[in-house]
Amino acid sequence: MANLALTGILEKMTGKDKDYRYMATSDLLNELNKEGFKLDVDLEAKLSNIVIQQLDDAAGDVSGLAVKCLVPLVKKIHEQQVLEMTNKLCDKLLNGKEQNRDIASIAVKTIVAEVPNATVAQSVLVSISPKLIRGIVTQAMGTEIKCECLDILCDVLHKYGNLMASDHEVLLRALLPQLNTNQASVRKKAVSCIASLASSLSDDLLAKATVEIIQLLKKQTTKSEITRTNIQMIGALSRAVGYRFGPHLGDAVPILINYCNNASENDEELREYSLQALESFLLRCPRDISSYCDQILHLTLEFLSHDPNFTDNMEEDTDDESYVEEEDDDSANEYTDDEDVSWKVRRAAAKCLAALIVSRPEMLSRLYEEACPKLIDRFKEREENVKMDIFNTFIELLRQTGNVTKGQTDFDESSPRYLLKQEVAKIVRSVNKQLREKSIKTKVGAFSVLKELVIVLPDCLAEHIGSLTPGIEKALCDKSSTSNLKIEALVFTRLVLASHAPPVFHPYIKAISAPIISSVGERYYKVTAEALRVCGELVRVVRPDIEVYDFDFKPYVHPIYAAIMSRLTNQDQDQEVKECAISCMGLVVSTFGDHLGAELPSCLPVLVDRMGNEITRLTAVKAFAVIAASPLHIDLSCVLEHVISELTAFLRKANRALRQATLGTLNTLIVGYGDKIGSAAYEVIVVELSTLISDSDLHMAALALELCCTLMADKRSGPNVGLTVRNKVLPQALTLIRSSLLQGQALLALRNFFTALVYSANTSFGVLLDSLLSAAKPSAQTGAVAKQALFSIAQCVAVLCLSAGDKKCSSTVNMLTDILKADSSTNSAKQHLSLLCLGEIGRRKDLSSHDHIENIVIESFQSPFEEIKSAASYALGNIAVGNLPKYLPFILDKIDNQQKKQYLLLHSLKEVIVRQSVDKAEFDDSSVDKITKLLFNHCESDEEGVRNVVAECLGKIALIEPGKLVPALKERTSSPAAFTRATVVIAVKYSIVERQEKIDEILYPEISTFLMLIKDQDRFIGPYAACETCCCFGPEYCCS
């Protein structure tokens, strides 16, 4: 923008008309926000002065716009101009008119927040720090000025505390005395300011500040309000610096506990602040606070019920489980006193106890013995906000229980989960009382507790469904219930229905189902959606077994159907409701379809219609999968052709989730309704499937191949289907098999595909075998085949041979061995694949009928090509898996007697052991003894490669026989041979795997022995032990 035009704006900004000034300031703001805006030096000064002048404008909207102008302006003017602006603003703040003080403070904060770089920031800090300190420490300054200066300094320290290291001591000297001033507002601001400073203080200065504050707390003559401020300061410091406050807990905690116990009845805030500080210690200094946890626990439990002005005469628990609504007389059970602030102490105690629960999982069993009964008893708390905190504290206890006992199956009497189970009856009784309260907030909190309880102990409420049903019914049906309460009640009901055995609910189905079905018609969409989800669980509960009729579900079929159908046919509603209605109707049809004969012709077309809607099609596809899988074999004749047509079209859509669901649904439909689907439809499906088989999406490729297998396995499919598979899918499968990415489920599906091709008799074995072997040849487009692809091809060849029968399998093995007998220097690629194929076939079938096959394979150890030797080692190991009694002694004998081939033979042995551990098979005792003896004999081999393979073998065989191997490994941790100790450490690393194994229970008590090798003086062993330490935290941390 031309400087002339900007000059015009500046002239208008100084005009007398308020509207002109506002519009001109607005125009300036727009110009400053433009990326290309630039200023010359003279205009910079003029513009800065006018903006500063506008801050004092009598019109508030003009001065507000002027503050907004500072944000871009600071980034577009030179450093000197920024400093001049901050100096003027600080002068206004300290010496200006009272009415302009607030806007000057906001302007300084804005500049501090928006300075463009650290260099400018440093200059600004040097300029304003002395002025702010002067405003804080000068006695003549008013309280408001001090508060504004402290506020600005707090922002400065929070953002740039590290840049002010040279001023830290000066700042502390200025700020600490403010904690003892008589003005409460100044003390409060000083606490925040010191906390912001503390995070960047050195340890020495932090210690100095902390000691000074603690000394003030020790003085008994200090005014009560000053003491409260210093306690708040201690808590704020610990929150700001975290673990760095740990060394000072020895002085601070006893003082705070003493204040809690000895404060006067009128000084409840002192107790509150002390408990808040203790809460901060628990969360921020968990290690150093350990020795005080017992005292803090007793303290919080004592003050959890601290209510000196109220005596509850109704504390005795009653066994009356009947649901009686509370009287409306508010004065009957409520005490009100505006001056009573003891509730703050109870709230602080609850939060402190929650911090203890979260930070000390090792105390969980003790917390159940001491804290759990107290918390349950305090559900009767009269102050609603405190009651919510007590509920939240109990929920934290439940969550911590779930975290600590996750994955455990055996629970002794000291287990937190066992202890919780003993308290369930008391919890339900206490929560039922809360569900009878008039307060909506209380009921929501009560359902939150029940919800968390069911998540942690899924089957714990079986005996209490009857007592809880009235509370659910009341929450859903009462006119005063809010949407939030209804949602909480429905979520809890859904969790209970899903986690308990259906017969538990049968006596109460009538009472439970009526309000749930009624909730489906609610106006608020979130309530409706949750009610529909509950209906889905209700359907499962009402008819858990299609074959067994031990409960009369018929009276509930049509009411549930009618409620869901009304939502299903309604187009004018939220997407979440539409999706829930579709899913729920799918469950209803699949479960009650034999009793909905008259309704299906009107219901199923609606579901098909939803498949045509882009928003609901995915949910509708999944719903048809549920219906097709129903053991009732629902009559879909009225929509089947349309459904198959729609699903086939979906295979071309870009939406991955839709294609994935479509493949699953088609698979289910073909299995259940193949006799009603014509071969023409099959052919169209096969053509679409061929486009999905590629390594760009292996999961989708796996699903497509599985569907192909289903189609070929269907005896009703005509010869044209097989021809289409051979022409369209087989070329794609042969391309996929060359991919180096192929693995897991996709590789399994591909193996099944070739098996299905043989069984379907659509393609001859010889053609398929030639196709697979040809896939291993290098091509002009893609070059040589990757090593991983050769393994994939070999596996497919193996399953193909086994599927074709013994005769063809035997002829294939003979053909492969003939290749091995040929000149190895000219046919290395063929030999490589032949060895891998023999290994894969041998692993699945005993090849001992082929004479001297082991010797033929071992001859390849002499090959000049490393990949051939590796493949031969792999093949020998896998052939041995097919007949261990014959081939394992052969391998062990060769390891001892053929030194040059030892490394490769050990790899063969490793293949045997790894395959046995993966297949969960077991060696006989004599084999284990022979293997371990041989392996331990080679622990001291001079070749590192041999030692590493030995270690891996020991680690993997430990997974099979941990009872023998772990003690043997432990014994060798003290071996005088360094190589033996190193091998032991590596072996333990290989025995630590992600999945749970029986070795875990044996290795866990002994792991410290192995970890102590990290201190081994040998330079090779320490790193291995460190690596093992990482593995103990999880295989993902392993440094191998």
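**Note on the predicted model**

1. Burial. Of the protein's 1040 residues, 54% count as buried. The model is a predicted one. The accessible surface of the protein is about 46,200 Å². Carbon and sulfur atoms hold 49% of that surface.

2. Fold content. The protein has 49 helices. It has zero strands.

3. Overall dimensions. The C-alpha trace spans about 110 × 80 × 75 Å along its principal axes. The radius of gyration is 39 Å. For a compact globule of 1040 residues, a value near 31 Å would be expected.

4. Contacts along the chain. Take the contacts between residues at least 6 apart in sequence. Of these, 74% join residues at least 24 apart.

5. Charges. The protein carries 113 positive and 137 negative charges. Their mean positions lie 5 Å apart.

6. Helix α32, length. This helix covers residues 698-713, which makes 16 residues. At 1.5 Å a residue it should span 22 Å. Its end C-alpha atoms are 22 Å apart, so the expected span and the model agree.

7. Helix α32, surroundings. Is α32 largely enclosed or not, and why? Twelve of its 16 residues are buried, so the rest of the structure largely encloses it. Buried residues include M700, L703, L707 and M712. C708 and C709 are also among them, as is T710. The buried residues of α32 pack against four helices: α30 (656-673), α31 (679-690), α33 (719-736) and α34 (744-759).

Technical notes. Residues numbered from 1 in each chain as written. Predicted model: local features only at pLDDT ≥ 70, side-chain atom pairs only at ≥ 80, totals over all residues. Heavy atoms only, no water. Helix = DSSP H or I, 4+ residues; strand = E, 2+ residues; numbered from the N terminus. Rg over C-alpha atoms; globule rule 2.2 N^0.38 Å. Buried < 20%, exposed > 50% of the residue type's maximum accessible area, 1.4 Å probe, protein only. Contact = heavy atoms within 4.5 Å. Areas by Shrake-Rupley, 256 points an atom, 1.4 Å probe, with all protein chains shown as cover. Lys, Arg positive; Asp, Glu negative; His and termini not counted. Charge placed at Lys NZ, Arg CZ, Asp CG, Glu CD. Expected span 1.5 Å × (residues − 1).
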